[in-house]
Amino acid sequence: MKPSFHTITHPSLGTKLLVLGIGLVLTLALAFTWFNTKTQRNQLQGVFNQQATALAFNIAVSSNSHLLEKDFAIIETLLLKANGFKDLYSATVVSAEGKVLAQVLRDSKTHNLSPRYDVGRLRVPKRDSGTQLFSSDRYLTVIEPIESGRTIGHVVLEFDLTPLQTRQSELIERNILLAVILIFPAALALWLFIRKTIQELNSLTDFAQRMVKDQGIEHATSPTSRELAMLHRTLNWASVTLQKKNRALEVAKLKADKSNDLKSQFVANMSHEIRTPLNGILGLTEITLGNSALAEKPRRNLELIQLSAEHLLRVVNDILDFSKIDANRLDMDPQPFELRLNVQAMVKMVSSAYAKPSVVTVLDIDPAVPDRLLGDCPRIMQVLNNLLSNALKFTERGQVSLTITARPVSEKNSQSRCKIHFAVRDTGMGISESARTEIFKAFSQAEPGTARKYGGTGLGLTITQRLLELMNSRIHLWSQESVGSEFSFTLELPVVEQQTTTECEAPTVDMTSDNNPAMPEFGQAATGLRVLVAEDNMVNQTFISHVLTQLGISYRFADDGLAALQAVDQENFDLVFMDMHMPNMGGLEACRAILAKPQHKNLPIVGLTADAIADTREACMSAGMREYISKPFKRSDIEAVLARLKFNVSPIPMQNFDHDKELLKTTINMIAAEIPQLSDEAEKQLSAKNLPEAKRALHTLKGHCKLVGEFAFADFIQQLENQLMQNQLPAANSIEHLKTNLRVLQQRLRLLSQ
């Protein structure tokens, strides 16, 4: 397997140490070999020079007297006696003038010194009284003076250096071989030492990793070196210390988690405890304001109460949203929605709430913006509401505008998606450069005292920024002091295709023909709904009772989930409104218990809750509920749920009864008692063709229907009455339709009177 580039460029510590150690050993071995060889060569050379010089000196002393006597034969004999010096190549005695007096030369065949007779002159390079040595590549020349009170001649010896050089080469080879022999065990010892050290380091590294992963307390094996042993003791100490700290951190984390859970539970409980009375305040205020006979001053006071309660609700909603965002428990719920309709409603509501005489609110929507989109409409409206309300609050004069434009997207997604750019611009005070980052922080506002002057929690822009991040967008700010500000963002949303519907005109029904069946085009009386309301709060019971009474729906209350479970077994209900938090048995548990019974498996249940911190909608849907209403709610919220569940209701005009429930109950009892008599009277007079009396009975029935809000059925009776005025008898199916719906109406009124 080829080594990786990382391995080559990043060698291990062991490899580095081994290379460094072997390099150091080689360097020391080479240095030692070189120094030792040089020393030994110098020693050999010195010994050789000393021997050569001594030989020359001895010959010079021995030939001194013979040279004076000019006995050259004896001198030659002296020279031949130096034959034992194998390195001596030639020996010559010359006069002071350089004339060769005697000379011997080593024969190349016999390797012995022999006389030489071709004598001539030998030039001595330097004539002085000292010994002279001259070296060349092959020869060493020694010149020794022969003195007798003065220099009378010289002894010249030539030595062959080849044997010496051979011995020196052998010395070098021997030293190199010795160095090589010593390097291998030294390198092996070094490798073993480094290997052991690296193993100990690796062991300490593994221990440190286990220590970090909390898989070990102490490392038992102590390293051999003092430094690693110290590191080992330090790691052991750190391991014990970290374990203690980890245990302390785990305890602290458990406390923090528990504290966070308690905080979330506290926020949820406070949500329930605040939103529940707010539901009663807003609901009963709305019902009371619906009384047209209410005096001006009480009406004004109630409107102020309503505004204060709505402001408190916005503060609670901001805190709850921030808590959910802070806990990462805020999820998007994309649904198809109509952009223009929702934006127009939001702008109308916000502009009326913050209306100022000198400020104009402008809404500009690009025609290219698709109307139906897929997204979390409530959250988008919440973002626009925050930005628009801030702009209106901080603008004293001029204009606040909301501009919505379409921006191009990639050709690939141009048909299925659209980029929508939202910009809220004002001509207000503007935001200083130092405050532009602060305003997006929680509980922060641009200037001290802003909250006292304009109100608010300082969470609006924080929530807006986080909501846009959840929708894969970001907010942009432009501002100039005393000129104005602009907040903008862009959302890329899927486009929902428009469903084309063909409006067909309802066919005209000939009410005088017996061939026409009793079709649903006939005005019908609303079927009486029987609703169970599981709610333990008395104020909310009062509000819901008023709403259901106004909608012409009969109801029964259950104070807890257990009572609701018993009630559905005792009586048939068309719908159940179920509070989530009740004593004895909560709403979710009661819902599961009710739907678990085969006879109630199709019973629609609608959740009512003030808990806005948890994933309540998912909890309701998983428990089997059909719908979910968050407190505080209004009558319109209940009407919207009934419409989605396909329940048709006929609201009762409470002004007909001076908004008095007791008067309503008395009147309903009276009407319910009269209906059978009037129905029989009308049928009897029609059979007798007594049209005026039949018309009188129908006229009374029509008045009763209008009194209790049955306008569609009243229109049907008016058509019958018109026929009688034209002296026409209604068709048999019309009479049957009248009788059937009168029985339905009587049953509904009987339910309402309970």
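Asn472 sits in the loop between H11 and strand S12 (476–480), and it makes a convenient entry point to this predicted model. Although Asn472 is not a glycine, its phi is positive, at about 60 degrees. The residue counts as exposed, with a relative accessibility of 77%. A second residue invites a similar description. Asn727, found in the loop between helix H19 (711–725) and helix H20 (732–753), has a positive phi near 60 degrees and is likewise a residue other than glycine. Asn727 also counts as exposed, here at 63% relative accessibility.

With these two loop positions in hand, the overall make-up can be set out. The protein has 20 helices and 18 strands. Of its 754 residues, 41% are buried. Among the contacts with a separation of 6 or more, 68% are accounted for by residues 24 or more positions apart.

Helix packing comes next. Two packed helices are described by the angle between their axes and by the distance between the axes. For helix H18 (residues 691–707) and H19, the angle is about 165 degrees and the axes are 9 Å apart. That angle makes H18 roughly antiparallel to H19, the threshold for this label being over 145 degrees. H18 passes H19 in a left-handed crossing. On the H18 side, the contact is made by Leu691, Ala694, Lys695, Leu698, His699, Leu701, Lys702, Cys705 and Lys706. H19 contributes Phe711, Phe713, Ala714, Ile717, Gln718, Leu720, Glu721, Leu724 and Met725. Sorted by class, the contact of H18 with H19 comprises twelve nonpolar, two polar and four charged residues. Asn727, introduced above, lies in the loop between H19 and H20.

A further helix pair is formed by helix H14 (residues 587–595) and helix H15 (residues 616–623), which pack at an angle of about 20 degrees with their axes 9 Å apart. H14 and H15 are therefore roughly parallel to each other, since angles under 35 degrees receive that label. The crossing of H14 past H15 is right-handed. Leu588, Cys591, Arg592 and Leu595 in H14 meet Ala619, Cys620 and Ala623 in H15. The residues of this contact divide into six nonpolar, no polar and one charged.

Attention now turns to charged pairs. Side chains of opposite charge can pair when their charged atoms come close. The structure holds 20 salt bridges, and a few of them are followed here. One of these joins the side chains of Arg340 and Asp371, at 3.8 Å from N to O. Arg340 lies in helix H8 (residues 339–353), whereas Asp371 is in the loop between strand S8 (359–365) and strand S9 (372–375), so the pair ties together parts that are 31 residues apart in sequence. Asp371 counts as partly exposed, at 23% relative accessibility.

A salt bridge between strands is provided by Glu492 and Arg417, whose closest N and O atoms are 3.2 Å apart. Because Glu492 belongs to strand S13 (residues 484–494) and Arg417 to strand S11 (residues 417–426), this pair ties together parts that are 75 residues apart in sequence. Both partners fall in the partly exposed class: Glu492 has a relative accessible area of 35%, and Arg417 has a relative accessibility of 28%.

Within a single helix, Arg466 forms a salt bridge with Glu469, and their closest N and O atoms are 3.8 Å apart. These two residues are three apart in helix H11 (residues 460–470), which means that about one helical turn separates them. Arg466 is partly exposed, with a relative accessible area of 30%, and Glu469 is partly exposed as well, at 45%. H11 has already appeared in this account, as the helix that precedes the loop holding Asn472.

Finally, salt bridges can also be traced through a group of three residues: Arg530, Arg556 and Glu571 are linked in a network.

Technical notes:
Residues numbered from 1 in each chain as written. Predicted model: local features only at pLDDT ≥ 70, side-chain atom pairs only at ≥ 80, totals over all residues. Heavy atoms only, no water. Axes fitted to C-alpha atoms, helices over the stretch in contact; angles between N-to-C directions. Helix = DSSP H or I, 4+ residues; strand = E, 2+ residues; numbered from the N terminus. Parallel < 35°, antiparallel > 145°, perpendicular 65-115°, else oblique. Left-handed = near helix turned anticlockwise from the far one by under 90°. Contact = heavy atoms within 4.5 Å. Nonpolar A, V, L, I, M, F, W, Y, C, P; charged D, E, K, R; others polar. Salt bridge = Lys/Arg side-chain N within 4 Å of Asp/Glu carboxyl O. Buried < 20%, exposed > 50% of the residue type's maximum accessible area, 1.4 Å probe, protein only.
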